[in-house]
Amino acid sequence: MAAAAAVKIGIIGGTGLDDPDILEGRTEKYVDTPYGKPSDALILGKIKNVDCVLLARHGRHHTIMPSNVNYRANIWALKEENCSHVLVTTACGSLREEIQPGDLVIIDQFIDRTTKRHCTLYDGQHSSLPGVCHIPMAEPFCTKTREVLIETAKKLGLQCHSKGTMITIEGPRFSSRAESLMFRSWGADVINMTTVPEVILAKEAGMSYASIAMATDYDCWKEHEEAVSVDKVLKTLKGNANKATSILLTAIPQIGSMEWTDTLHTLKVSIRMRLMSTGDSVCICTHNTGICSKIFLLKSLLLRVGASKNQIHSRWANKFIKTLTSFIAKI
């Protein structure tokens, strides 16, 4: 019988929910990744004896706009800390009458309307993972983790919708009224600027990902309703953040007590089956990301040195890194 999977929770806090005080015994850790630096320091600690890692998506002072968030570095950093789960919070606008400002939505689908973001860890660049990953997205969010969040919200008596389709726009501007009405006609229920590519990258990394979406406004589709604005978002968000925090503090100990071996194994198998190999492909979900980070950072450095010298050095660097990558694949 396989050993029980170790549970460690990565928490990506969106606007209004990146308070490190939710963690006990917290310490800060600054890291680098093959994709650059994450949004901020990782805050390591515990929630009722469950190991957690908190990361502020936009930086602790909200200095990073949605398009400029280094989503790949954020996900890699959490994977390198051996996080099995990623729980996130996100502010959103409501595209449905029944989803009122102040409500929570445990989203289960997304529509991607972004245009400028890296949506895979396998993009063919020197510093990226080799191979091509055609990750399935029929069920983007972890059903088992979502069920825990939904049941927790019910127990806490919070107004929470058990499913919803999130449409992610590029931002940082809000939608035009024509766009907002179009998104409603497409079947979207809520709208934000960050779910994509975060959910995609977490799935590529083999982590169970679930999101608590916090409705702050009705976007701008609703007649006789004030259109979305930063002031309006922040006003509603303060109360919503407290609700989301209460869900996390209650749900995380339950997640930590559950058996996740089969769920995480299924994720890993799914990725391995969809990874198109060139002979030296490495699946992030099945290998030590600490070793992978050092190898790919070294690879990037060697190729830069080779390019700055001559083609002979570049060919040598490629041959050397291919040997190292093949070695990793056998670990």
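A residue is termed buried when its relative accessible area is under 20%, exposed when that area is over 50%, and partly exposed in between, the areas being computed with a 1.4 Å probe on protein chains only. The structure is a predicted model, in which local features need pLDDT of at least 70 and side-chain atom pairs count only at pLDDT 80 or more, whereas totals for chains, interfaces and linings use all residues. Residues are numbered from 1 along each chain as its sequence is written, and side-chain values use heavy atoms, with hydrogens and water left out.

Two asparagines have unusual backbone angles against the general background that most residues other than glycine have a negative phi. Asn 82, at 58% relative accessibility, counts as exposed, and its phi is positive, near 65 degrees, although the residue is not glycine. Asn 82 is located in the loop between helix H1 (71-80) and strand E5 (85-94), where helices (H or I, at least four residues) and strands (E, at least two) are DSSP runs numbered from the N terminus. Asn 49, likewise not a glycine, has a positive phi of about 70 degrees; this residue lies in the loop between strand E3 (42-47) and strand E4 (50-56) and is exposed, at 67% relative accessibility.

As for the peptide bonds, most are in general trans. The bond from Gly 171 to Pro 172 is nevertheless cis, with omega near 0 degrees, and Pro 172 belongs to the loop that runs between strand E10 (165-169) and helix H3 (177-185). A cis peptide bond also joins Val 196 and Pro 197, with omega at about 15 degrees, and here the proline, Pro 197, is found in helix H4.

Helix H4 (195-204) is also among the elements against which the buried residues of helix H6 pack, together with strand E8 (132-133), strand E12 (208-217) and strand E13 (275-276), contact being defined as heavy atoms within 4.5 Å. The buried residues of H6 are Thr 261, Leu 264, Leu 267, Ser 270 and Ile 271. Helix H6 itself (residues 261-274) has 14 residues and reaches 20 Å from its first C-alpha to its last, close to the 20 Å expected, where the expected span is 1.5 Å times one less than the number of residues.

With a disulfide defined as a pair of cysteine sulfur atoms within 2.5 Å, a search of the whole structure finds 0 disulfides. Cys 52 is buried, with a relative accessible area of 1%, and is not bonded to Cys 83 because the sulfur of Cys 83, the closest cysteine sulfur, is 8.2 Å away, too far for a bond. Cys 119, by contrast, counts as partly exposed, at 26% relative accessibility.
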